[in-house]
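Let's take a walk through this fold, strand by strand and then along a helix. Have the viewer open and follow along.

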Amino acid sequence: MAARPAGGPRYRDVVISRDDVEAARTRIAGHVRRTPVTVVGAGDLVPGVEVALKLEQLQHTGSFKARGALNRVLAAAERGELGPAGVVAASGGNAGLAVAYAAARECVAARVYVPTTAPAVKVARLRELGADVVQVGDRYAGAYEAAVVHAEAAGALFCHAYDQPEICAGQGTLALELHEQLGGHVDTVLVAVGGGGLMAGVAAALEGRARVVGVEPSTVATFAAAVRAGGPVDVPVSGVAADSLGATRLGDIAWDVAGRTGVRSVVVADDDVIAARRILWEQHRLVVEHGAATVVAALLSGAYRPDSGERVAAVLCGANTALHDLTAEAPSRD
């Protein structure tokens, strides 16, 4: 979950490029997993179209977020910016896990502020990674503000969940891998959107090579709202994917990169997300969180309809989820 309340750091004039993503790949090489790609046969998800799934849920800490956090922390270490106070982040889940992991790899302290509503499984994992977990308020905004105050007072390195150049560039490294793994033969890549850090990184990495489609649930549609308004605006947060895609506002970097590269916005219903997540488990034995299932929901529901012969890939971005509800949710769709 992520947001950018008023008063936090802003990066309006910064736009990342493929060069930034390439630099991030060099920096984090050997620290992240080169996650596999599996190709789902024509007709399994979309009639007549094969879909390549990038299994980023197998990344360290269970999501793509490890890439951006490592790039941010390692770059800061190169510049001598890591002090005794270590790093600080605000997150209800995956971003905090990634920052805690990156800090542990560099043997520096990590403090993660989370709302009291953060999933217990993610809070427990944060503590297992050695983070000092501070629970503040019942919304992410309060945790974010507390993290910013601590960073400024203690001199800790602030790691934004999605709206810092090094974070976005690190996330984009998965797209460089995907492009290579598919031999450059990909037309469209679907990614889930919360605050847009993943979308920004992937779109920058694939600019001029493939189109990018940003998919989000209708219950927390930051990108779609920005498209309608002509820029990032606050949106209400609810729904099944709020714990991982629950940004209240699209990031400035994501908006800038999406506009430059022509990212398309697609919105799906929560029921379709639930069904897609269950189908990934029942038919393909892939365990993902609801946020990751949004890209498959777009294909199954027809919210995104590939053209005949279109070479499509979708990023399964995370797997930090409760296993008990995989078979307890809505009936699967055939």
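How many bridges join strand 4 to strand 5? Four, and the two strands run parallel; strand 5 covers residues 132-135. This is a predicted model, where local features need pLDDT of at least 70 and side-chain atom pairs count only at pLDDT 80 or more, while totals for chains, interfaces and linings use all residues. Residues are numbered from 1 along each chain as its sequence is written, and side-chain values use heavy atoms, leaving out hydrogens and water.

Helices (H or I, at least four residues) and strands (E, at least two) are DSSP runs numbered from the N terminus, and strands pair if DSSP finds at least two bridges between them. Strand 4 also pairs with strand 3, again in the parallel sense over four bridges. Look at valine 112 in strand 4: alanine 89 stands opposite, and in strand 5 its bridge partner is valine 133. Four of the five residues of strand 4 are buried (under 20% relative accessible area, 1.4 Å probe, protein chains only; exposed is over 50%, partly exposed in between), so the strand is largely enclosed by the rest of the structure.

Now swing over to helix 5, residues 140-154. Its buried residues are Tyr140, Ala143, Tyr144, Ala147, Val148, His150 and Ala151. Seen down the axis, they fall within an arc of 165° (taken from the directions from the axis to the C-beta atoms), so they line one face of the helix. The face turned away carries exposed Val149, Glu152 and Ala153. Just past the helix, glycine 155 takes a positive phi of about 75°.

Note on methods
The expected span of a helix is 1.5 Å times one less than its number of residues.
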